[in-house]
Amino acid sequence: MIFSEKKMKKLGIYGGSFSPPHNGHKKSALSFYDSCALDELRVMPAGVPPHKVLEGDATPEDRLNMTRILFSPDNCGGRNVSVDDYELKKEGRSYTWETLAHFDAEDVQLFLLVGTDMFLTLDSWMRPEEIFSRAVIVVNRREEDYEESLFDEKKAYYENAFGARIMIPAYKPLVVSSSELRAQLRRGDVVNGYLPMSRTLDRAVLDYIVSRDLYGYIEGVLSFLREDLKTKLSEARLAHVLSVERETVSMARLLGLPLRETFILRKAALLHDVTHERSPEEQRACFAQFGVKPDEEDFRSPAVVHQFTGALVAERVYHLEKEGVDAICCHTTGKPGMTVIEKVLCLADYIEKTRPYPECKALRRYFYEKAQAGRVCEALLDDCMEKYLNTTVAHLRGKGSYIHPQTLAASEYYTK
Ligand SMILES: [Fe+2]
Ligand SMILES: [Fe+2]
């Protein structure tokens, strides 16, 4: 080895804002670990980086938590990687030379990972001579961004002026811009699936972002959906789904549902009738489009079919979470043993403010009166489901209409 003369622990330091941490960070960190044959790697979210103003609304604790999620042992494949809160906990600004001095020891050889832009400005950092003397500088090089000559000039300068030890591993970094990622989150791009971002953002990190309502992501997605549905639904249907969305918000608040569940509910509310205005032929075409064989029995209840095609579209086109897809799939009929999300969507659809029917208004009054009396729990939802289903069954029987077997099964379940 060029840099280690005696047996010392090779300790890698990888600092950054990590707002949010993404798969580019993960790839850099693990490649850094492997290419330098590190014994240990500390990933260190920065406190207040002197060279960079932090954007976004994630608190230092959020950044630490998200970084810990991204660098969980499962994600690091047995490597000795930990997330260190040294710089976050430190009073005042964090300077790299201080961090290196803190971790330097007799039996430790330090390796510092830097990006190309940081590398090119290293000599303007506080106490560059100390940075170069304490650590091997490992450059996460983005070739496409810089002239080779500029890079080589700087490298030669650091080596001559500071005796710098510089390594440029051969791996290709996954280039992700955190500010572009934040812009994507704010735009709700993920609705166009989490899929386009799944290459760059870890699913568990995204779940954390939702649970803490960071980077304007929740509102970004909901705005995207509202705009998108304007082109797909009639004005009346759009007014209905917007009203269902508002209803799920107030019901979720009364039930004390976590942000993640509320977010799924709101998306499901916006999407639940996405195929409602399609003819039976168009419903069949929709099943065919996704390669699903419809149950002919379902077509005997024309008003019900859209819950199945709507669930398909929500899942395949909008990448809605399974809990939301399942809720759309039974929002008209109900079903035995529904989850809270399923019950809330079904009831919100029925009792939303713009419904003109007396039975809807009556159930709405009932729910909110009980809620005001302090009785908001799953038992109240079950109670309301019983009323909804019994009213629906009685109404269909009165008209001599066919009743979907799932409605009957649900009615029997909730009447018990
Ligand atoms: Fe519906
Ligand atoms: Fe509806």
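Colleague: At what angle do α12 and α13 pack, and how far apart are their axes?
Modeller: In this predicted model, helix α12 (residues 217-230) packs on helix α13 (residues 235-255) at about 160°, and the axes are 10 Å apart. Angles over 145 degrees count as roughly antiparallel, so that is what α12 is relative to α13.

Colleague: Nice. Which hand does the crossing of α12 and α13 have?
Modeller: The crossing of these two helices is right-handed.

Colleague: And which residues make the contact?
Modeller: From α12 you have L222, R226, L229 and K230, and from α13 there are L238, L242 and E245. By class, the contact of α12 with α13 has 4 nonpolar and 3 charged residues, with no polar ones.

Colleague: Switching to the metals. What are the protein donors of the iron ion (ligand 2)?
Modeller: H240 and H272 each donate through NE2, while D273 and D349 donate through OD, and these donors lie 2.2 Å from the iron ion (ligand 2). Along the chain they follow the spacing H-x31-H-D-x75-D.

Colleague: Why is the arrangement around that iron ion (ligand 2) called irregular?
Modeller: The 4 donor atoms subtend angles of 81 to 174°, which makes the arrangement irregular. For a tetrahedral label, all angles would have to lie between 85 and 135 degrees.

Colleague: Where do H240 and H272 sit in the fold?
Modeller: H240 is in helix α13, whereas H272 is in the loop between α14 (259-271) and α15 (280-289), so the pair ties together parts that are 32 residues apart in sequence.

Colleague: What about the iron ion (ligand 1), which residues coordinate that?
Modeller: D273 (OD), H306 (NE2) and H331 (NE2) do, at 2.1 to 2.2 Å. Their spacing along the chain reads D-x32-H-x24-H. H306 belongs to helix α16 (residues 302-316), and H331 to the loop between α17 (322-328) and α18 (340-351); that pair links distant parts of the chain, 25 residues apart.

Colleague: Which residue bridges the two iron ions, ligand 1 and ligand 2?
Modeller: The bridge is D273, and the two ions lie 3.4 Å apart.

Colleague: One last helix pair. How do α18 and α19 pack?
Modeller: α18 meets helix α19 (residues 358-372) at about 125°, with the axes 8 Å apart. The two are therefore oblique to each other.

Colleague: And what classes of residue are in the contact of α18 with α19?
Modeller: That contact has 7 nonpolar and 2 charged residues, and no polar ones. L347, Y350 and I351 come from α18, while α19 brings E359, C360, L363, R364, F367 and Y368.

Key:
Residues numbered from 1 in each chain as written. Chains lettered and ligands numbered in written order. Predicted model: local features only at pLDDT ≥ 70, side-chain atom pairs only at ≥ 80, totals over all residues. Heavy atoms only, no water. Axes fitted to C-alpha atoms, helices over the stretch in contact; angles between N-to-C directions. Helix = DSSP H or I, 4+ residues; strand = E, 2+ residues; numbered from the N terminus. Parallel < 35°, antiparallel > 145°, perpendicular 65-115°, else oblique. Left-handed = near helix turned anticlockwise from the far one by under 90°. Contact = heavy atoms within 4.5 Å. Nonpolar A, V, L, I, M, F, W, Y, C, P; charged D, E, K, R; others polar. Donors = N, O, S within 2.8 Å, 3.2 Å for Na, K, Ca; no water. Tetrahedral: all angles 85-135°; square planar, octahedral: opposite > 155°, others 65-115°.
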